[in-house]
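Trainee: Please pick one part of this model and go through it slowly with me. I'd like to know what holds on to what there, and what sort of space lies around it.

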Amino acid sequence: MFGKRKDGELVRGLDPISKATPYFMPRRYDALNMMEESFPTEGLDAYIKQQSKEHGVTFTYMHVMLAAIVRLYALRPLMNRFVVNCKLYQRNDITISITVKKELSDTGEECLIKLHFKGTESIYEVKEIVDKALKENLKKQEGNGTEFGAKLLGAMPGFMFKFALGIVKLLDRWELLPKWLIEASPFHTGIYFTNLKSIKNDAVFHHIYDFGTCGMFVSMGKEKMAPVVVDNSRVEVVKMVNLGVTMDERVCDGFYFAKSLRIFKKIMQDPSVLNNPLDLPEPINPAERRKKAKAEKKAKKQAEKQAKKQEKIERKQAKKSK
């Protein structure tokens, strides 16, 4: 309570407009902004081919996309915020939820996976985390904690389901939701990502769930040939990929988001910038940042105390010498 959640920390010192906005739009669906973004795949394809040829590493569009999102959220931390009970919080880490079909058929079950990142990971580390999570979850017959919880709630009669969900929402609203339940919920995430390219579909504008803390939903569609105006003078047909982006506008202002989007597109056009880990100037996690500040403050006090003690000793010695 009191501004401390298991997955984030209350943002203090907001300007009046940013503080008031969630009260004008208390529901996430009140604050939805949707946009379609496209980018050419020339640089992306060249990068994937070069990595396979020179390093023997097989990247997919999803690997690069997720690594770019992790890097973007590390560089642009205001995007990694969420609103609960009309209050703005900074998330502790970079969390991405994805939905994967265990089997590409009409009856194939879906697998819900949550991925956690620090923000310093290289694309190789992101690939390792993603592939490991997919391998572990897709081979499980009984499903993970998220699927087990969904089945348990789904087995309840309607009135019990509604009551249980109401309790969960109440606990979430008052910062009392336990960590294990937050981890089990795919809706308590920084961004929800869906790879519609894998089912040969184009990008869609997906809603953001009002339950949970998801601040953005991104869908990636299949690549396709499209006419593009080059140098304001000629038209070329190039391979493009569409993204459907739905975001909670209460998280950050339009200028911040627009600049972040330009950075993201730049990364996607030259993913080689993801090869090396990111050297962050300070921890993303507010708790770690607070712990670091506390340690620095303690060290400063000890240094001052030691300096005063030394000064006192020197004064005594000076008096004795006289």
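Mentor: Here is a walk that starts at one loop and follows its contacts outward.

Mind first that this is a predicted model, where local features need pLDDT of at least 70 and side-chain atom pairs count only at pLDDT 80 or more, while totals for chains, interfaces and linings use all residues. Residues are numbered from 1 along each chain as its sequence is written, and side-chain values use heavy atoms, with hydrogens and water left out.

To get your bearings, the protein chain has 9 helices and 10 strands (DSSP runs numbered from the N terminus, H or I of at least four residues for a helix and E of at least two for a strand). Its C-alpha trace spans about 95 × 60 × 45 Å along the principal axes. Of the 322 residues, 41% are buried (under 20% relative accessible area, with exposed being over 50% and partly exposed in between, using a 1.4 Å probe and protein chains only).

Now the loop. The chain has 12 salt bridges, each a side-chain nitrogen of Lys or Arg within 4 Å of a carboxyl oxygen of Asp or Glu. Arg 27 makes one of them with Asp 210, and their closest N and O atoms sit 3.3 Å apart. Arg 27 belongs to the loop between α1 (16-24) and β2 (32-40), and Asp 210 to the loop between β7 (191-195) and β8 (216-220), so this pair ties together parts 183 residues apart in sequence. Arg 27 counts as partly exposed because its relative accessibility is 43%. Asp 210, at 31%, is partly exposed too.

Next door in sequence, Arg 28 pairs with Asp 248 in a salt bridge of 3.6 Å, N to O. That contact runs from the loop between α1 and β2 to strand β10 (residues 234-248), linking parts of the chain 220 residues apart. Here both Asp 248 and Arg 28 are buried. In short, the loop has a partly exposed arginine, Arg 27, and a buried one, Arg 28.

The stretch that carries Asp 210 has another tie. Lys 197 bridges to Glu 223, with the closest N and O atoms 3.7 Å apart. Lys 197 is in the loop between β7 and β8 and Glu 223 in the loop between β8 and β9 (224-230), so the pair joins parts 26 residues apart. Both partners are partly exposed, Lys 197 at 25% and Glu 223 at 27%. Elsewhere, bridges with shared partners join Arg 5, Asp 7 and Asp 172 into one network.

Which space does the Arg 27 and Asp 210 pair look onto? The second largest pocket holds about 390 Å³. Among its 14 lining residues, the ones closest to the centre are Arg 27, Val 84, Asn 85, Arg 173 and Asp 210, so you meet both bridge partners again. β3 (81-84) and α6 (158-173) each supply at least two lining residues, and α6 has the largest share, with 3. By class the lining has 5 nonpolar, 2 polar and 7 charged residues. For those classes, Ala, Val, Leu, Ile, Met, Phe, Trp, Tyr, Cys and Pro are nonpolar, Asp, Glu, Lys and Arg charged, and the others, Gly among them, polar.

Follow Arg 28's partner instead and you reach closed space. Asp 248 helps line the second largest cavity, along with Tyr 73, Met 79, Gly 215, Met 216, Met 247, Val 251, Cys 252 and Phe 257. This cavity has a volume of about 50 Å³, and its lining comes to 7 nonpolar, 1 polar and 1 charged residues.

There are 2 cavities of 30 Å³ or more in the structure, and the largest has about 130 Å³. Of the 13 residues around the largest cavity, Leu 72, Met 216, Val 218, Leu 261 and Phe 264 are closest to its centre. Met 216 is also on the list for the second largest cavity. α3 (61-75), β8, β10 and α8 (254-269) each give the largest cavity at least two lining residues, and α3 gives the most, with 4. The lining of the largest cavity is 13 nonpolar, no polar and no charged residues.

The fine print on those spaces: on a 1 Å grid over the protein atoms alone, a cavity is where a 1.4 Å probe fits but cannot get out, a pocket is an open set with protein on both sides within 12 Å along at least five of seven lines, and lining residues have an atom within 4 Å of a point. Points are joined across faces, edges and corners, and a volume is the space filled by probe spheres set on them.
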